[in-house]
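Please look through the structure below with its enclosed spaces in mind, and then with its cysteines and two of its helices. The paragraphs that follow take these topics in turn.

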Amino acid sequence: MSASEENVSQSGAANHARAAERLAAQYAIVRVLAEATSLSQATPKLLEAVCTSLDWDHAAVWRVDAQAGVLRCLECWHRPELHFPEFEALSKRTTFLPGVGVPGRVWSTAQPCWVPDVLQDTNFPRAPIAAKEGLHAALGFPVLLHDEVLAVMEFFSREVRHPDEELLQMMAAVGSEIGQFIARRRTTRELEQLFALSQDMLCIAGFDGYFKRVNPAWQRILGYTPEELFSVPYLERVHPDDREATLREAEKISSGATTVHFENRYLAKDGTYRWLQWNSTPLEDQQLIYAVARDVTELKRAAEELRLAKEAADFANRAKSDFLANMSHEIRTPMNAIIGMTELALDTDLSSEQREYLTTAKDSAESLLRLLNDILDFSKIEAGRLELENREFDLRETLGDTIKTLGLRAHQKGLELACQVDPDVPDVLLGDAARLRQVVMNLVGNAIKFTEQGEVVLRAGMAQAANGDVILQFSVRDTGIGIPPEKQRAIFEAFAQADSSITRHYGGTGLGLSISAQILALMRGRIWVESTPGHGSTFYFTAQFARGTSSAFRRPPAELAQLEGLRALVVDDNATNRRILAQMLTNWRMQPVAADGAVSALSHLEDAAAQRKPFSLVLLDSEMPGTDGFALAERMRELPGVQGATIMMLTSGMRPRTAARCRELGVAACLTKPVKQSDLLDAILEVLSAVPLRVSRQKAEAHVAQAARPLRVLVAEDQSANRMLVARILERRGHSAVCVQDGIEALSALKEQPFDAVLMDVQMPRMDGLATTRAIRRKEKSSGEHLRIVAMTAHAMKGDRERCLKAGMDAYVGKPIRPEEMLQALEQSAAPLAPATPPDSPAAAADAPFDQAELLRRTGGDAELLRRLVEIVSFDSAEMFAKLRQAVAQQDAKALFTSAHALKGTLATLAARRAAGTALEVESMARAGDLDNASKLLSLLAEETSQALKALQEFVAKDGPSPRPAASRSAKRARHSRRNR
């Protein structure tokens, strides 16, 4: 044999020997894993098997400590004839981070690692001790479970060994097998623990009818040992009455059913029977049944006791409900008599004290009657006696009438109250309108009660339609206090409130929502709430109705035809109201345009006039911030091309002067919000077809002819009485007036719209008339225009004329205002600055508190204007004197001068010469800075002002227009009712 052949033969023999070693190692590892019951038991045998089979000298197992993030040495092994004491001791007290040493490298890479000689490896911290004890080659491989490293096995040899790829692959496979062994043992251990510790009775039974395995719960519950249970067929201990049913369930399993659930009674060792609830699943290939039995004996007993208790409670509830229903009926009869007789008594002549007593009694009786009605409804529901009517009704009319009855309550709290019905909702429905109204009243009433500012909106829309029936979804949204999430379910329970303190703070029994929920259940609907504390609530409810067929509730098409295509402007600062009104008009085929205030409205009106597409109808909200509806109506009268529009006013509360102002402004109709759809339609049809309703506007247009040319005049005056007087003088002359309170507002008004002239008070807060005039003239230098400005002042001092002329004013009239003088100065196209007429001096004043002839001359004999002036001055005087007293107390001469000047002008306007003269003295004292006698003089001024106002009030009542008609008894009762709430 040649040398090469000999080498090949030796190499083949070596490979064969290595393969045999690896096979022996695999066999040894598999045998260890098969025989071991735990990892701790298998670990030393695994290390020994690998070292012995593959000729390694030392081994260790490193466990991953996931919480600490390190590897710790769990156990070491070495050949019996060899010893490595220092190396083993070092390994057991060392921990490795990922990537450090052989264990750390295997952990971080999850791959086997072979180091030919650890003494030559730069990443082997134990190298000094390894060199001392003669260790060189190292092999490490991971124990893996689903790519997770559970441990690292490490082996050492005293020889230098070069990597063996086949051995590395085998060790990687061995690591996975060990990982699966760990997973199997862990799962088995967990199942064994679950089986042993379960409170339910677990078992495995054969298709032959015998138990094969049971857990300890069987002995604890039934008293049998496992051997006793295995000794007889399980069916022998089933109650005789339940055996047939149990056999049927067993047959289902044998025929292929995957799971069966049933109950039966099973005999316990003490001779009693226990109720067991079974869940069973078959394993057909092994002819086994896996089952769980739960002892439900106590639950059965409790259920039976509960059933008996419920029957007794139902009987007691029916008896209680019958009693409540009978008692409520019995109480209602005398209560209705009390209310009726009290109303009759209130319609007789009574003293104020008697009327107050009876009104209080009537209000209290009505509150008690409402409570009785709730109790009666609740008792009817509990007794099962509440039945619904089934009649045709107009949904929009029903909701509109309901909301309208709550309008006063909402207005008293300053709330917007609105109702919106979607266009696709049918007009006529078949159902119980009264019960629907009761639910709406309860929800909207609660919303008003728990809302201090903002709005309450009722909406009705379609939820579903099928087979001739409709399901409507209603919502009641408010901006009130809201309901905490944990209280939202409880509020629908009887006698419940979201907070126990709410009953005391807001009142109420807590029955309303519970009754509403029960009524809606009868209507095949439900109720729920969405709410955020502090941001309001929305109550939703549904109800099912049949469609009505009657045409009695429907509008004749001919009535609506005359509205088709008409342009309408809706002006309201509340977005919800705008949307609802616009939708109503759209439903009638009109063409609505919405505006959120006066500025937007005027812009739409001007654009419409310019495009020759004027609005036929303008709906104005009377109460808007800034420019209200009445002021906007005044402005509209001045716009060219707008006078033909019909104006309708919507107001939250009809005040005494509302109707009068509407007549003055030519407003065609005034409706109270929330406006019902039918009422709005009736009013629109009436005003658009009735010519006489425009008489007041025609009168106004006739007045324009009194002046040579009607002027648009801006009146800048800080005193409300003077503003009213000047505006009325101008209007009687045929001019139109826009009033502002100071120079800043005047400049803003001039930017928004053009004016022919300005009546400018010289003395105003924030920005006086002189500064305002200078600002106007500076702007005119670039435009080349010239606006006529007439000064109004109570000053009669030397130099006043020159100051006004220097500021750029065109004319000068004195206060108190004399109509002829003011109109003459205003209407002159170009006139020199006229000399001021000095105010009447105190020396020339008579002893009378006011000059009747002069006052009537200034007001043009307009008794209504005079009454309003006296009311305004009487109201403003308290604030004026408060400012005067504060200025004297603080020795503030400037503030005293300003307040005295304002009061002097107001008193002079009412021809109260004596008081006006005293105010002039106070003004002069303040101008000089001499406040020594200010308190004394102020007391005199207060006395004279009081006398003048008293005399004026008596004059208005006696010699002015007839007093307002006495309030009706019903109105008086309403006032008493509000006062006593």
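In this predicted model, helix H12 (395-405), strand E13 (416-421) and helix H18 (575-587) each contribute at least two residues to the lining of the largest cavity. The space inside this largest cavity comes to about 250 Å³, and of the 21 residues that line it, those closest to its centre are Ala418, Cys419, Ile580, Met584 and Val675. When the lining of the largest cavity is sorted by residue character, it divides into 11 nonpolar, 5 polar and 5 charged residues.

The second largest cavity holds about 200 Å³ of space, and among the 16 residues that line it, Tyr234, Thr246, Phe262, Trp278 and Ser280 are the closest to its centre. Two or more residues of this lining come from each of strand E7 (201-206), helix H9 (243-254), strand E9 (260-267), strand E10 (273-283) and strand E11 (288-295), with the largest share, 4 residues, supplied by H9. The lining of the second largest cavity is made up of 12 nonpolar residues, 3 polar residues and 1 charged residue. Counting every cavity of 30 Å³ or more, the structure has 6.

These cavities belong to a protein of 981 residues, of which 46% are buried, and in which 34 helices and 28 strands are found. If one takes the contacts between residues at least 6 apart in sequence, 65% of them join residues that are at least 24 apart. The outer surface can be described as well, for the protein exposes about 48900 Å², and carbon and sulfur atoms supply 53% of that area.

How many disulfides does a search of the whole structure find? The search finds 0, and two of the cysteines help to show what lies behind that result. The sulfur of Cys73 has its closest cysteine sulfur in Cys76, at 3.6 Å, and because a disulfide requires the two sulfur atoms to be within 2.5 Å, this separation is too far for a bond. Cys662 is likewise in no disulfide, the nearest cysteine sulfur being that of Cys670, 3.8 Å away. Are Cys73 and Cys662 buried or exposed? With a relative accessibility of 14%, Cys73 counts as buried, and Cys662, at 4%, counts as buried too; the cut-off behind both statements is that buried means under 20%.

The last part of the walk concerns two alanines, each in a helix. Ala345 lies in helix H10, which covers residues 297-346, while Ala361 has its place in helix H11, covering residues 352-382. Leaving aside residues up to four places away in sequence, Ala345 touches Leu350 and Leu358. The C-alpha atom of Ala345 is 9.7 Å from that of Thr359, a residue 14 positions apart from Ala345 in sequence. For Ala361, the C-alpha atom is separated by 7.7 Å from that of Thr342, and these two residues are 19 apart along the chain.

Why do both alanines count as partly exposed? Ala361 has a relative accessibility of 36% and Ala345 one of 23%, and because partly exposed covers the range between the buried limit of 20% and the exposed limit of 50%, each of these values falls within it.

Key: Residues are numbered from 1 along each chain as its sequence is written. This is a predicted model: local features need pLDDT of at least 70, side-chain atom pairs count only at pLDDT 80 or more; totals for chains, interfaces and linings use all residues. Side-chain values use heavy atoms; hydrogens and water are left out. On a 1 Å grid over the protein atoms alone, a cavity is a set of points where a 1.4 Å probe fits but cannot get out, and a pocket is an open set with protein on both sides within 12 Å along at least five of seven lines; lining residues have an atom within 4 Å of a point. Grid points are joined across faces, edges and corners, and a volume is the space filled by probe spheres set on the points. Ala, Val, Leu, Ile, Met, Phe, Trp, Tyr, Cys and Pro count as nonpolar, Asp, Glu, Lys and Arg as charged, and the others, Gly among them, as polar. Buried means under 20% relative accessible area, exposed over 50%, partly exposed in between (1.4 Å probe, protein chains only). Contact means heavy atoms within 4.5 Å. Accessible areas come from the Shrake-Rupley method with a 1.4 Å probe; for residues, only the protein chains shown count as cover.
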